[in-house]
Amino acid sequence: MKPSIPKGTRDFSAKEIAYRNYITNTIKEAFSLFGFAPIETPSFENSETLLGKYGDEGDRLIFKILNSGDYLSKVDEHLIKSKDSIKISPKISEKALRYDLTVPFARYVVQHQSEIMFPFKRYQIQPVWRADRPQKGRFREFYQCDADVVGSKSLLQEIEFIQLYDTVFTNLKLEGVTIKINNRKILSGIAEVIGEQDKLIDFTVALDKLDKIGEDGVIEEMIAKGISKEAIEKVKPLLHLSGDSKEQLNVLKNLLADSDQGLKGVEELRYVINSVEKIGLETAKLQLDVTLARGLNYYTGAIFEVAAPKSVKIGSIGGGGRYDDLTGIFGLKDVSGVGISFGLDRIYLVLEELGLLNDVEIEKPKVIILNFEEETILSKLKAIQQLRLKGISVEMYPDVAQSNNQQKKQWKYVEKRAIPFVISSVENDQFILKEMDTNQQKLCSLEELISICQ
RNA sequence: GUGGUUGUAGCUCAGCUGGUUAGAGCGCCGGAUUGUGGUUCCGGAGGUCGCCGGUUCGAACCCGGUCUUCCACCCCA
């Protein structure tokens, strides 16, 4: 059998893990700096927890887990003969792999509401699964790093999340990141003003594609979705908004004069953007983007999306927003939440492409002891014990060299792993120590060895 | 879900319009030379050319199907 793994999944080498840990540690540090504490939820949930939360498209992409045992025996025979997958699947599958971290988190909040102190701040770094077709920066198993606050409607949270994004990308030394911000209330306000409330989703999805398919493309798609020509005519000014955020907000304010909701969105955005501008960001740029929609149906206020530096062609590396009633479907009303997510795998690709991972330390021993002759093994093992007691990582090449070639192989092993110190042999309690960087070699005692390598 | 793309030794790839025992470099293993590696040289192992079927006297190369890779759309991190 030829070994293989399912498409869209990956093995990670020691080096890749080192790089990934560097990224997640940077994110974790920032999360706790901002007062978030980690929680974890199971890899799979009851299907009813997940299904219907992400729209039809989302449901299609959820990995369903087949019931164990004789899962067909209890299914009605007519149903099986009907070959109706949608009706049969809930009968044979009651669990599913989580699709994101937000919905399981909402479930968690409701289920543990009596133990939780609100406002509740948590972070979660775990893999999620989607039955998608893989492509660049898109996998079927990937990691999300989410931070959310529930139980506070304060816009200060939005401001803090923007700062959190900025902190992480600053610490990763990633320059040129753009944090795009919009407000769902503005989008529904626009839909209201142009009289197309019921087509809000189609409208926003089309608008979202502006930078991808251009003005004509957006208009074409809106027509295809049945949005009236009058409505589109009213929207047109949006398609070429210009100027700084202040000017853009003023245009929006005029456009949305008849929509209370829309005006509220404008004010919320104005507050957040003004505050952030006054406080200042380290490396990231905050940008108002009225076309920013995001697919998820549960956002109700601010919407965030993080774009990688322009030189890297990849989808968004993070996103988030405010959802006023996510916990409502699980029976807990009026709990507002806001959160953001970092796409670990995409951030990795961006950093790698920009060469920002090259300086990351890879775990390896500091010292290696070569194994050229049987007789000295015991004294070497003793030295190893002493070095390890001092916290110096050290290993010995396991196989004794029987020939010149095998000695050569040991040296090659050292070189390949870039181990800085090599002990080639022991004579009368004196070690022959070679420092690979300088190529200098000297004879030293155990004490000297420890002080050099420490 | 739609469209395209890829698949030859462990890795990177050759293999002209179908023709006898399928090649290279690197790597790997053994050996020689090098004071303890990084040089040079010699030798060796390793592939039913993704899989199934078809066309043909004959296919790695043509056709169909299938799986896989990567990419774009949809959607998204």
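**Figure 1. Asparagine 428 is an exposed residue, with a relative accessible area of 73%.** The view is taken from a predicted model. Asparagine 428 belongs to the loop that joins β14 (421–427) to β15 (430–435). Its phi is near 50°, a positive value in a residue other than glycine.

**Figure 2. Lysine 173 adopts a positive phi of about 60° although it is not a glycine.** The residue is placed in the loop between α7 (156–171) and β7 (178–183). Lysine 173 has a relative accessible area of 59% and is therefore classed as exposed, the cut-off being over 50%.

**Figure 3. A cis peptide bond leads from phenylalanine 118 to proline 119.** The omega angle of this bond is near -5°. Proline 119 is situated in the loop between α6 (102–111) and β5 (120–129).

**Figure 4. Valine 128 is a buried residue of strand β5.** Its relative accessible area is 0%. When neighbours within four places in sequence are left aside, valine 128 is in contact with Arg98, Tyr99, Asp100 and Leu101, and also with Arg140, Glu141, Phe142 and Gln144. A separation of 7.4 Å is found between the C-alpha atoms of valine 128 and leucine 97, which are 31 residues apart along the chain.

**Figure 5. Glutamate 45 and arginine 107 form a salt bridge through their side chains.** Side chains of opposite charge can pair when their charged atoms come close. Here the N to O distance is 2.5 Å. The pair links distant parts of the chain, with glutamate 45 in strand β2 (residues 44–46) and arginine 107 in helix α6, 62 residues apart. Glutamate 45 has a relative accessible area of 5% and is buried. Arginine 107, at 13% relative accessibility, also falls under the 20% limit and so counts as buried.

**Figure 6. A salt bridge joins the side chains of arginine 322 and glutamate 158.** The N to O distance in this pair is 2.6 Å. Because arginine 322 lies in strand β10 (residues 318–323) and glutamate 158 in helix α7, the salt bridge ties together parts that are 164 residues apart in sequence. Arginine 322 counts as buried at 4% relative accessibility, and glutamate 158 counts as buried at 0%.

**Figure 7. Glutamate 233 and lysine 236 form a salt bridge within helix α11 (residues 229–239).** The closest N and O atoms of the two residues are 3.8 Å apart. Glutamate 233 and lysine 236 are separated by three residues, about one turn of the helix. Lysine 236 counts as partly exposed, at 27% relative accessibility.

**Figure 8. Arg10, Arg20 and Asp345 are linked in a network of salt bridges.** The structure as a whole holds 16 salt bridges.

**Figure 9. Helix α12 (residues 245–255) and helix α13 (residues 260–279) have axes that come within 10 Å.** Two packed helices are described by the angle between their axes and the distance between the axes. The axes of α12 and α13 cross at roughly 170°. This angle makes α12 roughly antiparallel to α13, because angles over 145 degrees are so classed. On the α12 side, the residues that meet α13 are Ser245, Lys246, Leu249, Asn250, Leu252 and Lys253. Their counterparts in α13 are Leu263, Val266, Glu267, Leu269, Arg270, Ile273, Asn274 and Glu277.

**Figure 10. Threonine 204 is a buried residue of helix α9 (residues 200–208).** The relative accessibility of threonine 204 is 1%. With neighbours within four places in sequence left aside, threonine 204 is in contact with Arg184, Leu187 and Ala293.

**Figure 11. Leu66, Tyr71, Leu72 and Ile80 make a nonpolar surface patch.** The area of the patch is about 320 Å². One of its members, leucine 72, is found in the loop between β3 (64–65) and α4 (77–82). Leucine 72 is partly exposed, with a relative accessible area of 40%; this value meets the patch requirement of over 30% relative accessible area.

Key
Residues numbered from 1 in each chain as written. Chains lettered and ligands numbered in written order. Predicted model: local features only at pLDDT ≥ 70, side-chain atom pairs only at ≥ 80, totals over all residues. Heavy atoms only, no water. Patch = residues over 30% accessible without salt bridge, like charges linked within 9 Å, V, L, I, M, F, W, Y side chains within 5 Å. Areas by Shrake-Rupley, 256 points an atom, 1.4 Å probe, with all protein chains shown as cover. Salt bridge = Lys/Arg side-chain N within 4 Å of Asp/Glu carboxyl O. Helix = DSSP H or I, 4+ residues; strand = E, 2+ residues; numbered from the N terminus. Buried < 20%, exposed > 50% of the residue type's maximum accessible area, 1.4 Å probe, protein only. Axes fitted to C-alpha atoms, helices over the stretch in contact; angles between N-to-C directions. Parallel < 35°, antiparallel > 145°, perpendicular 65-115°, else oblique. Contact = heavy atoms within 4.5 Å.
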